[in-house]
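Subject: The structure for you to look at

Hi,

Here is the structure I promised to pass on, with the sequence alongside. Have a look at it first, and then read my notes below.

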Amino acid sequence: MELFITSLNSGSNGNCYYVGNEQDAVLIDAGISCRETERRMERLGLSLQKVRAIFVSHEHGDHIRGIPQLAKKYQLPVFITPGTLQNSGLPQTGFPLKALRAYEPVQIGELRITAFPKHHDASDPHSFLVAGQQTKVGVFTDIGAPCEHLIQHFSQCHAAFLEANYDEAMLENGRYPHFLKNRIRGGKGHLSNQQALDLFITHKPAFMSHVLLSHLSKDNNCPELTKELFDLHRDTTEVVVASRYVETPVYSIRAMHQVSELV
């Protein structure tokens, strides 16, 4: 099955990732406004009428800020763990809320969405694997450290949104206070370029067609530097840097290497 993916926004100012097929789609997080989500999807030729649900990775504002208005306007069910919901401040009326639990797949049309735990400083954070028959797309951001859960799922993916949040030297020499630097690199914050690259080199399957480097820090990373780093090891995988300002193109992902850029 062909899956279509795009990053509508990626960064500490808002995160929203789209994965769908011809009939159905889901959003992983909704951290930008309803209006901006609509505008970006319209520019890409995508329809919100195909979006069937929002899946929430954790409760930080850059991942949930747009949910109340978007979910209410389109009556989208929001899949969220009880722990995340309790700490999110999201309204519990106005749109359907569905309990999300690790390793209990959710079927949305022909899409199968599976959540699994990750290391991050939130109440009950999860990453996601979205499968359309044999085609699999992972959403792996806000990860303090690689773990067996991440390695197992990354190695199955035909495409992945993979966090590459900070350059270690830029973070160390930057303006952030010491406590914040330690929070970012302390095992429950974010993946560095090098951590992400090590995962990419060691566990990337030969059939991975795209990696979308995600959640890059505005102050502690450089998109050009990050892309150059990964391009050295990409083989046949296309390396894309997901922007914190605009949407990426829509990419078509297939299990049999039949991949094309749509926009």
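Asn21 sits in the loop that links β2 and β3. Is Asn21 buried or exposed? With a relative accessible area of 3%, Asn21 is buried. Setting aside residues up to four places away in sequence, Asn21 touches Met1, Glu2, Leu3, Phe4, Glu110 and Leu111. If you want a distance to try in your viewer, pick the C-alpha atoms of Asn21 and His210: they are 189 residues apart along the chain and separated by 17 Å. Please keep in mind that this is a predicted model.

Next, follow the chain to the loop between β3 and α1, where you will find Asp29 and Ala30. Asp29 has a relative accessible area of 2%, so it counts as buried. Its phi is near 70 degrees, which is a positive value in a residue other than glycine. Here is some background for that: most residues other than glycine have a negative phi, and most peptide bonds are trans.

Ala30 is buried too, at 0% relative accessibility. What does Ala30 touch, leaving aside its neighbours within four places in sequence? The list is Asn15, Cys16, Ile54, His63, Ile64, Arg65, Gly66, Ile67 and Leu70. One of these, Ile54, is 24 residues from Ala30 in sequence, and the two C-alpha atoms are 7.3 Å apart in space.

After that loop comes α1. The buried residues of α1 are Cys34, Thr37, Glu38, Arg40, Met41 and Leu44. What covers them includes β1, β2, β3, β4 and α3. Gly45 follows α1 and has a positive phi, near 75 degrees.

A similar check is worth making at Gln75, in the loop between α3 and β5. Gln75 has a phi near 50 degrees, again a positive value in a residue other than glycine. At 45% relative accessibility, Gln75 counts as partly exposed.

Now for the nonpolar cores. In soluble globular proteins, nonpolar side chains tend to be buried together. Here, the largest nonpolar core has 27 residues, and those touching the most other members are Leu27, Val51, Ile54, Ile67, Leu70 and Val78. At least two residues of this core come from each of β1 (3-9), β2 (16-20), β3 (25-28), α1 (34-44), β4 (51-55), α3 (67-74) and β5 (78-80). There is also a second, separate core of 25 residues, which includes Val26, Phe55, Val106 and Tyr251.

Leu27 is a good place to zoom in. Not counting residues up to four places away in sequence, Leu27 touches Leu8, Cys16, Tyr17, Tyr18, Thr37, Val51, Ala53, Ile54, Phe55 and Leu70.

Then there are the cysteines. How many disulfides does the structure hold? It holds zero. Cys34 is in no disulfide, and the nearest cysteine sulfur, in Cys16, is 10 Å away. Cys34 is also buried, at 2% relative accessibility. Why is Cys157 not bonded to Cys147? The sulfur of Cys147 is the closest cysteine sulfur to that of Cys157, but it is 13 Å away, too far for a bond. Cys157 is buried as well, at 0% relative accessibility.

Over in strand β8 (residues 111-117) you will find Thr114. Its relative accessible area is 15%, so Thr114 counts as buried, the cut-off being under 20%. Leaving aside neighbours within four places in sequence, Thr114 is in contact with Tyr103, Pro105, Ser127, Phe128 and Leu129. Thr114 and Leu100 are 14 residues apart in sequence, with their C-alpha atoms 9.1 Å apart.

Last, the pockets. The largest pocket has a volume of about 250 Å³. It is lined by 18 residues, and the closest to its centre are Ser12, Asn165, Arg183, His190 and His215. Which helix gives the most to this lining? Helix α7 (residues 178-185) does, with three residues. Sorted by class, the lining has three nonpolar, nine polar and six charged residues.

Enjoy exploring, and write back with any questions.

Best wishes

Conventions:
Residues are numbered from 1 along each chain as its sequence is written. This is a predicted model: local features need pLDDT of at least 70, side-chain atom pairs count only at pLDDT 80 or more; totals for chains, interfaces and linings use all residues. Side-chain values use heavy atoms; hydrogens and water are left out. On a 1 Å grid over the protein atoms alone, a cavity is a set of points where a 1.4 Å probe fits but cannot get out, and a pocket is an open set with protein on both sides within 12 Å along at least five of seven lines; lining residues have an atom within 4 Å of a point. Grid points are joined across faces, edges and corners, and a volume is the space filled by probe spheres set on the points. Helices (H or I, at least four residues) and strands (E, at least two) are DSSP runs, numbered from the N terminus. Ala, Val, Leu, Ile, Met, Phe, Trp, Tyr, Cys and Pro count as nonpolar, Asp, Glu, Lys and Arg as charged, and the others, Gly among them, as polar. A disulfide is a pair of cysteine sulfur atoms within 2.5 Å. Buried means under 20% relative accessible area, exposed over 50%, partly exposed in between (1.4 Å probe, protein chains only). A nonpolar core is a set of buried Ala, Val, Leu, Ile, Met, Phe, Trp, Tyr and Cys residues joined through side-chain atoms within 4.5 Å. Contact means heavy atoms within 4.5 Å.
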